Amino acid sequence: MSKYAFFPGCVSRGGCPELYPAAMQVCRRLGIELEEMVGASCTGAGVLQEKNQFLGDVLNARTFAMAEWMGLPIMTICSTCQGVMSQANKRLTDDPEYLARVNAELAEEYLEYKGTTVVKHLLWIIIEDIGVETLKTHVRNPLTHLKVAPFYGCYILRPSNALGFKDYPGRETSLEELIEAIGGEVVNFSGKSRCCGFPILTINEANSVAMVGKHTSEAADMGADAMVTPCPLCHLNLDGYQPKAMAQSQRKTNLPILHLPQLMGLAMGLDPDELGLQKHIISTGDLVSKAVPA
Amino acid sequence: MDLAVKVRRYDPEAKEPIPYWSEYKVEVDEYTTVLDTLINIREDIDGTLSLRCSCRSAICGSCSMRVNGHAQLACKTRVSEIAPDGGSVTIEPMGNMEVIKDLVVDMTPFWDKVKAVDPWLQPEGPEPEGEYLAPNEDMLHLAGVMGCILCGACVSDCTVLEVDSNFLGPAALAKAYRFVADPRDSQEKPRLDSLRQYSGIWDCTRCMECVQVCPKGVAPMDRIMVMRDLAMNAGFDKEIGARHTDAFVELVSHSGRLDELKLPVKTVGMFNIRAMQSFAPVGLRALVRGKMPPIFHKMLPNVENVRRIFRKLEPKK
Ligand code: SF4
Ligand code: SF4
Ligand code: FES
């Protein structure tokens with residue numbers, strides 16, 4: 001049994017409330033035990049860091065210290081949380097003097113980060129800690145008829161030197177590996193490692209929506225039945241703004257965008273409604289009928 | 001070691017000028033670079049292959065191209081690093097630039113954008129007798145950006161430029177930072193004033209492609225983020241991007257978490273009817289599907305600890 005301190009992130013219970021229960025169900029099936037970090041704050045999502053990186057590092061060190069105290073590695077379910085935390089952890093563990101300065105801000109709460117916390121996305125946990133072979137034993141409903149386009153989210157890919165790609169080179173293709181393990185066919189499209197456009201949504205909507213249109217149409221053109229992402233922020237944009245993207249580009253994509261645990265849940269034979277698949281903006285109806293034999 | 005090299009070709013003088021692929025079989029050793037390989041192909045196999053190069057030592061910046069999908073300097077990349085067991089590599093011209101022929105692209109828009117940020121020092125006051133002096137640590141910091149060799153790799157892989165060719169882009173913005181942050185320059189505020197405009201610092205989507213591909217560690221995105229903060233501190237805080245950052249920080253400082261329902265409202269302002277309407281269709285659809293963020297945003301259980309950290313490190317103005 002593997003156990004983790006669970007950092008759900010704001011979006012899995014906010015803008016994408018379907019993600020949290022889907023992740024919980026999949027983890028239960030896989031024997032991943034979770035203890036939720038109820039007192040941990042937002043990571044800053046890279047936005048707060050624009051203004052005050054030190055403040056961001058203090059908040060994340062606080063979370064890391066809590067996990068250290070729990071004696072558990074952290075599990076994330078969001079590429080952005082993962083990336084922001086990995087970057088912070090690198091700065092904190094690279095430089096003991098910096099870590100001491102950050103710890104001084106935590107002293108009032110009797111917390112101290114010693115620099116030992118490991119932070120892993122559910123995607124990496126499945127590949128590295130659970131293992132693809134174990135995952136396969138949980139597949140009840142292999143997705144053999146489905147062509148799935150992977151979409152990573154910037155923060156889980158770049159900068160690669162903060163994300164442990166040297167020690168875990170498989171991370172760069174982990175989504176493809178997972179899609180194949182549950183029986184799906186990978187749609188290898190060039191947009192998979194690009195930006196969904198979410199960070200500039202309120203700043204330059206036209207550009208943001210154009211990115212959604214570009215990626216969804218490229219994947220659709222290559223025959224994708226669905227796109228899967230480990231990042232709820234990518235989901236918000238690729239799903240929520242796909243109607244606008246279709247209007248902008250005059251191209252009917254209607255490509256269902258699935259959270260990673262939703263796709264896995266389908267393959268594990270979990271109930272599509274309980275995975276929240278009916279809560280998407282782009283209907284997943286056709287996809288579910290194709291994936292789940294009646 | 002045997003290697004298959006797939007090169008994306010384009011010949012404007014062909015009868016029907018469309019891009020196509022050529023594949024070459026070559027032999028390489030542990031030290032052969034991508035550039036060596038391409039030069040060998042041109043010398044021995046196919047004299048029609050066009051590419052740019054000069055120094056062969058990662059100094060001149062002329063040999064940027066996409067290797068296995070990512071922009072890099074061909075002369076700095078060893079084949080054995082990217083295809084350790086042989087196999088194949090894919091070579092394409094840089095992205096976001098017009099292809100002139102094969103791997104040679106038109107860099108005119110690249111240079112135009114660099115010129116657009118006034119890339120020269122503008123000191124103030126009477127000229128000193130000797131040189132303009134600057135503190136050592138400032139120059140050490142600037143050396144990080146001055147390392148830019150204008151190779152174009154960052155521009156090639158920038159995700160915003162893919163959808164909006166007007167964006168100034170990472171190289172020009174990194175160049176702008178080089179002068180904004182120079183203690184000898186007198187134009188910091190006017191520079192920031194023009195950089196905060198449309199197509200400038202606020203249009204970057206923080207995808208980190210430029211940080212990842214830059215062969216010189218210039219980290220253009222990090223410089224853009226510093227300029228956002230400098231612009232806000234210089235009083236340019238009415239931009240929608242600046243309001244977005246401010247709203248985000250305020251919401252997290254209040255509840256310890258991000259309240260997504262309030263973020264767009266706070267960013268565009270309750271009274272910006274047009275922008276609010278643009279969120280409405282998505283909001284309504286989301287509401288119908290049960291996808292809306294909870295209306296009563298929950299506070300962290302021990303939110304006071306988070307608020308204390310914010311009060312100390314990011315005091316309200
Ligand atoms: S981080 Fe910004 S400037 Fe850099 S590549 Fe991405 S969008 Fe372009
Ligand atoms: S910032 Fe880096 S990638 Fe961009 S032009 Fe300069 S050296 Fe090349
Ligand atoms: S040939 Fe000069 S940088 Fe590669």
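1. Ligand 1 is a natural place to begin, with 14 residues surrounding it, of which the closest are B:Cys158, B:Cys204, B:Cys207, B:Met208 and B:Cys210. As the model is a predicted one, the points below should be read as descriptions of that model.

2. Three helices of chain B, namely α6 (159–163), α9 (209–213) and α10 (220–233), each supply at least two residues of the shell around ligand 1. Sorted by class, this shell around ligand 1 holds ten nonpolar residues, together with two polar and two charged ones. The space that ligand 1 takes is the second largest cavity.

3. Ligand 2, for its part, sits in the largest cavity. The residues around ligand 2 include the run B:Cys148, B:Ile149, B:Leu150, B:Cys151, B:Gly152, B:Ala153 and B:Cys154, and they are completed by B:Cys214, B:Pro215, B:Val218 and B:Pro220. By class, the shell around ligand 2 has ten nonpolar residues and one polar residue, while charged residues are absent from it.

4. Between the two chains, attention may be drawn to helix α3 of chain A (residues 53–70) and helix α14 of chain B (residues 303–313), whose axes come within 10 Å and cross at roughly 160°. Because angles over 145 degrees count as roughly antiparallel, that crossing makes α3(A) roughly antiparallel to α14(B). The handedness of the crossing of α3(A) and α14(B) is right-handed.

5. Inside chain B, helix α7 (residues 170–180) packs against helix α8 (residues 188–195) at an angle of about 160°, and the axes of these helices are 10 Å apart. The two helices α7(B) and α8(B) are therefore roughly antiparallel to each other, and the crossing that they form is left-handed.

6. Inside chain A, the axes of helix α6 (residues 122–130) and helix α8 (residues 174–181) come within 10 Å, and they cross at roughly 65°. With this angle, α6(A) and α8(A) are therefore roughly perpendicular to each other, and α6(A) passes α8(A) in a left-handed crossing.

7. Two points of backbone geometry in chain A deserve a look in the coordinates. A cis peptide bond joins A:Arg158 to A:Pro159, with omega at about -15°, and A:Pro159 lies in the loop that runs between β5 (147–150) and α8 of chain A. A:Gln250, a residue other than glycine, has a positive phi, with a value near 55°, and the place of A:Gln250 is in the loop between α11 (242–249) and β8 (257–259) of chain A.

Methods. Residues are numbered from 1 along each chain as its sequence is written. Chains are lettered from A and ligands numbered from 1 in the order in which they are written. This is a predicted model: local features need pLDDT of at least 70, side-chain atom pairs count only at pLDDT 80 or more; totals for chains, interfaces and linings use all residues. Side-chain values use heavy atoms; hydrogens and water are left out. A residue is near a molecule or strand if one of its heavy atoms lies within 4 Å of it. On a 1 Å grid over the protein atoms alone, a cavity is a set of points where a 1.4 Å probe fits but cannot get out, and a pocket is an open set with protein on both sides within 12 Å along at least five of seven lines; lining residues have an atom within 4 Å of a point. A molecule sits in a cavity or pocket if more than half of its atoms lie within 2 Å of its grid points. Ala, Val, Leu, Ile, Met, Phe, Trp, Tyr, Cys and Pro count as nonpolar, Asp, Glu, Lys and Arg as charged, and the others, Gly among them, as polar. Axes are lines fitted to C-alpha atoms, for helices over the stretch in contact, and angles run from 0 to 180 degrees between N-to-C directions. Helices (H or I, at least four residues) and strands (E, at least two) are DSSP runs, numbered from the N terminus. Angles under 35 degrees count as roughly parallel, over 145 as roughly antiparallel, 65 to 115 as roughly perpendicular and the rest as oblique. A crossing is left-handed if the near helix is turned anticlockwise from the far one by less than a right angle, and right-handed if clockwise.
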